[in-house]
Amino acid sequence: MHKIYIHPLPVRIWHWLNALGILLLIFTGLQIRYAGLFDVISFRNAVVLHNWAGFFVGANFLLWLFFYFFSDRISVYQPELNPRKYFPMMFRQVYYYAWGILRGERNPYRVTPAAKFNPMQAMTYQIVMLVLMPLQFYTGVLLWDSTSYAGQIDMLGGLRVIATVHVLLSIAFVGFLMTHLYLVTLGHSFGAHTKGMITGYEEVEDEPSSSDDAAKG
Amino acid sequence: MKNPTIASRPWSLLLAGMVALVLAFPCMQALAQDEDADEDESSEAIELEEEDLACLECHDDPTLETKLESGETLSLHISTKDFLGSMHNENSCADCHYEIDIEDHGQGQSTITSKRELGVSMADACVDCHKKKYKEYNDSVHALLIEEGSKKAPMCADCHNPHTVKSWEIAGPEEAMPCGKCHEDIFKASAKDVHGLARNDKENPGPLCSGCHKAHGVKAASLGSGIRDTCLDCHKDAAEKHKVWLPNSERHFEAISCPVCHAPNAQRRVNLRLYDGAGADKQQMLEKTGVPQFIKRAKAADADEAGLDDRELLGLMKEFTKDVGVGKTVVRGRLEVSSGVDAHQLADKSKAISDCKTCHQSGAEPFQSVILTMAGPDGRPLRHEVKKEVLNSLFSIDSVKGFYVLGSTRIKLLDYLLVLVVVGMAGGLLVHITARWLFRRAREKRAAQARRDSGSQ
């Protein structure tokens, strides 16, 4: 095992603020939609908190966007766009999580600071960050002030369409979060990846040959 | 030589005083007589013309009446005292009753067929002087009802007895409001609500009927944004005050009528109104006189007559859209109270509903009753029942696209989808965890083998 510095400090701060914001959004969103079924906080407070959390995550998103777009780090998100290369890589990754991991095979993907996401992650995060998140912010802002944005709402098919898209996306986020939280535990130990996101260092298994070299060295 | 002054001769001062008193006496007497005359004038300030007195000679008789063709009995009594106290006391009888020929008046059978006909024919006389009011009236729901052939909608004299009508300023609130004659239940309800109770308040009097509804230009209260703007005319800071605590307050102002929250004991419902076309010039659909398409179509669409369901509503909307041609017919939902009586039970603002959950939760009371409406030719809504489940159906995403209330009108299918995703994901992950546990031996063996292999190298 050796450590490599994968997550720079701004990324870690961004990640945990985002995590906090998203959890708050899911909680308040559920409270708004299911008031009466459970009442941890009042409907009004849930709405107010949801709005603030939405803008907070939105602002945080913009920080992420600037950080990645104005540095060369955006490359970590770029998936392999050549289908001939991408699909076999993707298949290998899916195969690993579905079967290889059970048998104790090695993760086919090797983490490096320049390419810290496996093909599955890169594609998923790209969709989440560049499609789902902006769409969720947009529908959220329309719902936040549906009077001022009445023209756009009507053009897009009405309030009910916007609300439905917002809810569908939030269901997708819940599904994503559950998968994310589970996959986080599949490092070499239960908390390894979480620790990595706190310290910035991921512990990476040595390549068999290099580990021999290291042992000899 | 020094000139003598009055002051230097006290006797002459006394004499002058006595002379002044003697001279002043008749003047004082005359003044006292004028005051008496004024008093007389205050009760009968207007002198009636000879010909008017001639009319009243017969008509100031409480028993004077005539039988009309309609079978009604028309009282012909005009009280001189009441007439003199009325706003019309400077008019002569002939100003309004110019069609009467004095030669044959009172001879033979009356040509008036019914009270209604008399009211309609006499309205022309009112218009001669009250042109502005008549113009307002012509645009009112009352005038439109008469145009439709209503025999009950009021003409001028139904609200204002021309022989006794008093100035708005001196008539008491009750007298100034003839609305109760037809709208008795609403009138009674209103007398007990927060406005009605303040009716006689000198400092801050509550509004009379016409204060909110306009006396002559009265429109159907449920048309457009109802009388919300009238509420805001007096409660000028209401919008700002709501903004402080009510998220999305503009939307609430648009989609909820004021009494929904301010008449806490009222019964509430959802009104889905039909609107013409799309775009900024959307207009509430108004049915044309003599074309009963809404009632006919809604009945035809509602096969089981238990209210329109989601698919029936969608079908009906498509039918209306075909007619319009340009843009789609859309519905705009609005929360309102169920009746005029409910709308006139306004409570003190401390009792107004401010608990969001009154509306924002599944099964909330206002969403248990849903109606589809189109404005009738007179502006009053034509209604058809809609099943409440429409508000939670996926099929309503297009038909009821403009009405969405957090919590209470949520699409049920999305709830199932959320459960499916959460349970499906949790199940999948559980299967994965179980499989990892079952394969732990195989992994250990493989790891041991790997260690042996690396050891042997």
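The following exchange covers one helix of chain A, its neighbour in chain B, and the make-up of chain B.

Trainee: What kind of model is this, and how are residues and chains labelled?
Mentor: This is a predicted model, where local features need pLDDT of at least 70, side-chain atom pairs count only at pLDDT 80 or more, and totals for chains, interfaces and linings use all residues. Residues are numbered from 1 along each chain as its sequence is written, while chains are lettered from A and ligands numbered from 1 in the order in which they are written.

Trainee: What makes the span of helix H3 (residues 83-103) of chain A agree with expectation?
Mentor: The expected span is 1.5 Å times one less than the number of residues. With 21 residues, that gives 30 Å, and the end C-alpha atoms lie 28 Å apart, which agrees.

Trainee: Where is the kink in H3(A) centred?
Mentor: On A:Tyr96, at about 55°. The bend is the angle between axes fitted to the seven residues ending there and the seven starting there.

Trainee: Why are H6(A) and H21(B) called roughly parallel?
Mentor: Angles under 35 degrees count as roughly parallel. The axes of H6(A) (residues 159-184) and H21(B) (residues 412-438) cross at roughly 10° and come within 10 Å. They are therefore roughly parallel.

Trainee: Which residues make that contact?
Mentor: Among them are A:Leu168 and A:Ile171 of H6(A), with B:Leu418 and B:Val421 of H21(B). Residues are in contact if their C-beta atoms, placed from the backbone, lie within 7 Å.

Trainee: How many helices and strands does chain B have?
Mentor: 22 helices and seven strands. Helices (H or I, at least four residues) and strands (E, at least two) are DSSP runs, numbered from the N terminus.

Technical notes:
Axes are lines fitted to C-alpha atoms, for helices over the stretch in contact, and angles run from 0 to 180 degrees between N-to-C directions. Angles under 35 degrees count as roughly parallel, over 145 as roughly antiparallel, 65 to 115 as roughly perpendicular and the rest as oblique. Two residues are in contact if their C-beta atoms, placed from the backbone, lie within 7 Å.
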